[in-house]
Amino acid sequence: MPRVSMPPVAISACGSVTASSVMAGAGPVSASILGTIGFWLSLPLAAIQGIRLKRSAPRFPEAAGERRGHTGQGKVKTLLAMGDSIIVGVGLDSIADAMPVQLAAALANHRQCRIDWRLEARNGANIRHLRKTLSGLDSGQTADVLFISIGVNDVTGLISKQAW
């Protein structure tokens, strides 16, 4: 079994440990240990910063525009997009620039067809909202393409995996 030796810790003239003096003689094992210690020591600060950021982060509005439309020509296909801020284009001026509408345009171009698209989403939505939205859909309603964006608000809201 190989022995692991730790390099001596260098102390400067004023009695403090310097990072460069420690790392200069640090091997992979001691660098890993220092990284682990640094992680655990910085965790409370990171938690405080995370809480402050969550409280102070601006909430942007949903993009303006209709939540349904069509693009392309030819045989009709449908796209249903459901979920959170990605779907409703938070931070964009127009819903036409939102990811699902851009996806519809790309599909229509690639498949040489018409895509009728519809957005069922809201900013801040989580898995519970998605379940409600799904249960509120007509049973006869179909979609050729289903685009779902969900999860970020569940993580930031600390939703349990049982809720999923």
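**Fold, strand pairing and largest pocket of the predicted model**

Of the contacts in the protein with a separation of 6 or more, 76% are accounted for by residues 24 or more positions apart. The structure described here is a predicted model. Its secondary structure consists of six helices and four strands, and along the sequence these follow the pattern α-α-β-β-α-α-β-α-β-α. The protein has 164 residues, of which 23% are buried. An area of about 11,500 Å² is exposed by the protein, and 60% of this area is supplied by carbon and sulfur atoms.

The pairing of the strands was examined next. Strand S2, residues 76–83, pairs with strand S3, residues 114–121, in the parallel sense, and eight bridges are found between them. Within this pair, threonine 78 of the chain stands opposite aspartate 116 in S3, and leucine 80 stands opposite arginine 118 in S3. S2 also pairs with strand S4, residues 145–149; this pairing is parallel as well and extends over five bridges. Here the bridge partner of leucine 79 is valine 145 in S4. In a regular strand the side chains alternate between the two faces of the sheet. Strand S1, residues 68–71, is joined to S3 by four bridges, and these two strands run antiparallel. One residue involved is threonine 71, whose bridge partner in S3 is isoleucine 115. S3 is thus paired in the parallel sense with S2 and runs antiparallel to S1.

Several residues in loops were considered individually. Glutamine 112 lies in the loop between H4 and S3. The phi angle of glutamine 112 is positive, at about 50 degrees, although this residue is not a glycine. The relative accessible area of glutamine 112 is 59%, and the residue therefore counts as exposed, the cut-off being over 50%.

Leucine 92 is found in the loop between helix H3 (85–88) and helix H4 (99–111). Its relative accessibility is 33%, so leucine 92 counts as partly exposed; this class lies between the limit for buried residues, under 20%, and the limit for exposed residues, over 50%. When neighbours within four places in sequence are left aside, leucine 92 is in contact with Ala63, Asp97 and Ala98. Alanine 63 is 29 residues away from leucine 92 along the chain, yet the C-alpha atoms of the two residues are separated by 5.2 Å.

Asparagine 123 is placed in the loop between S3 and helix H5 (127–136). A polar atom of the side chain of asparagine 123 lies 3.2 Å from the backbone oxygen of phenylalanine 60. Phe60 is also among the contacts of asparagine 123 outside its neighbours within four places in sequence; the others are Arg59, Glu62, Ser85, Val88 and Val90.

The last feature examined was the largest pocket. This pocket holds about 430 Å³ of space. It is lined by 19 residues, and those closest to its centre are Arg59, Asn123, Val152, Asn153 and Thr156. Arg59 and Asn123 are therefore found together in two settings: both are among the residues closest to the pocket centre, and the two are in contact with each other. Helix H2 (28–56), H3 and helix H6 (152–156) each supply at least two residues of the pocket lining.

Conventions
Residues numbered from 1 in each chain as written. Predicted model: local features only at pLDDT ≥ 70, side-chain atom pairs only at ≥ 80, totals over all residues. Heavy atoms only, no water. Buried < 20%, exposed > 50% of the residue type's maximum accessible area, 1.4 Å probe, protein only. Contact = heavy atoms within 4.5 Å. Areas by Shrake-Rupley, 256 points an atom, 1.4 Å probe, with all protein chains shown as cover. Pairing = 2+ DSSP bridges. Polar contact = N/O pair within 3.5 Å; in protein donor to acceptor, adjacent residues only side chain to side chain. 1 Å grid on protein atoms, 1.4 Å probe; cavity = no way out; pocket = protein on both sides within 12 Å on 5 of 7 lines; lining within 4 Å. Points joined across faces, edges and corners; volume = space filled by probe spheres on them.
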